[in-house]
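Student: Please take one part of this structure and describe it closely. I should like its surroundings treated in one connected account.

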Amino acid sequence: MTAHQTDHAVMEDSLEALGDRYDGIAAELFDRFIADHPHYAPVFLNPEAARERMTRETLEAMLGLAAGEWWVDHAVTNFIDLHHNYADFTPHDYAAWFALVIETMARRAGADWPAGASAAWQRQADGLVAKVATVDRNSEVPVRT
């Protein structure tokens, strides 16, 4: 089994472990992201719609990357194109969002969160951030540390 296949398996296990504790996560994530990045609050005209889609597509992209899915590069480009309609989100902003998603899932799952799950999710998040940074319209915005 490759590292990606192992990551994909543990990531799926972690979603199963999260179970019903997933309910309401999108609202929590979005509210926490906006609290940490209040300058982005005005750009989301319909936060209720954005938060569900952002959460679902984030999880799908990370799982897709772990599974080696062909469509992930297109999804990243779509993320960037869509978000540039609102503001100039940087690779750092994506990294902050992904980290928040992982931390929140782990916290909600508690003791049921599988060993190695956070690291597996983070490896995929790092891969997505690297892809975001290579898209031409983001190349002038370096990842902030």
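**The largest pocket and its helices**

Tutor: The largest pocket holds about 270 Å³ of space (on a 1 Å grid over the protein atoms alone, an open set of points where a 1.4 Å probe fits, with protein on both sides within 12 Å along at least five of seven lines; the volume is that filled by probe spheres set on points joined across faces, edges and corners). The model is predicted, with local features requiring pLDDT of at least 70 and side-chain atom pairs pLDDT 80 or more, while totals for chains, interfaces and linings use all residues. Residues are numbered from 1 along each chain as its sequence is written, and side-chain values use heavy atoms, without hydrogens or water.

Seventeen residues line the largest pocket (an atom within 4 Å of a point), and F44, A50, M54, L82 and H83 lie nearest its centre. Two or more lining residues come from each of α3, α4 (72-84) and α5 (helices are DSSP runs of H or I, at least four residues, numbered from the N terminus). Helix α3 contributes the most, six residues. By class, the lining has twelve nonpolar, two polar and three charged residues (Ala, Val, Leu, Ile, Met, Phe, Trp, Tyr, Cys and Pro are nonpolar; Asp, Glu, Lys and Arg charged; the others, Gly among them, polar).

Helix α3 (residues 47-66) and α5 have axes that come within 11 Å and cross at roughly 90° (lines fitted to C-alpha atoms over the stretch in contact, with angles from 0 to 180 degrees between N-to-C directions). The two helices are therefore roughly perpendicular (65 to 115 degrees). M54, one of the residues nearest the pocket centre, joins T55, T58, L59 and M62 of α3 in meeting W97, F98, V101 and M105 of α5 (contact: heavy atoms within 4.5 Å). Seven nonpolar, two polar and no charged residues make up this contact of α3 with α5.

Helix α3 also meets helix α6 (residues 117-134), their axes coming within 9 Å and crossing at roughly 100°. Hence α3 is roughly perpendicular to α6.

Terms used
Angles under 35 degrees count as roughly parallel, over 145 as roughly antiparallel, 65 to 115 as roughly perpendicular and the rest as oblique.
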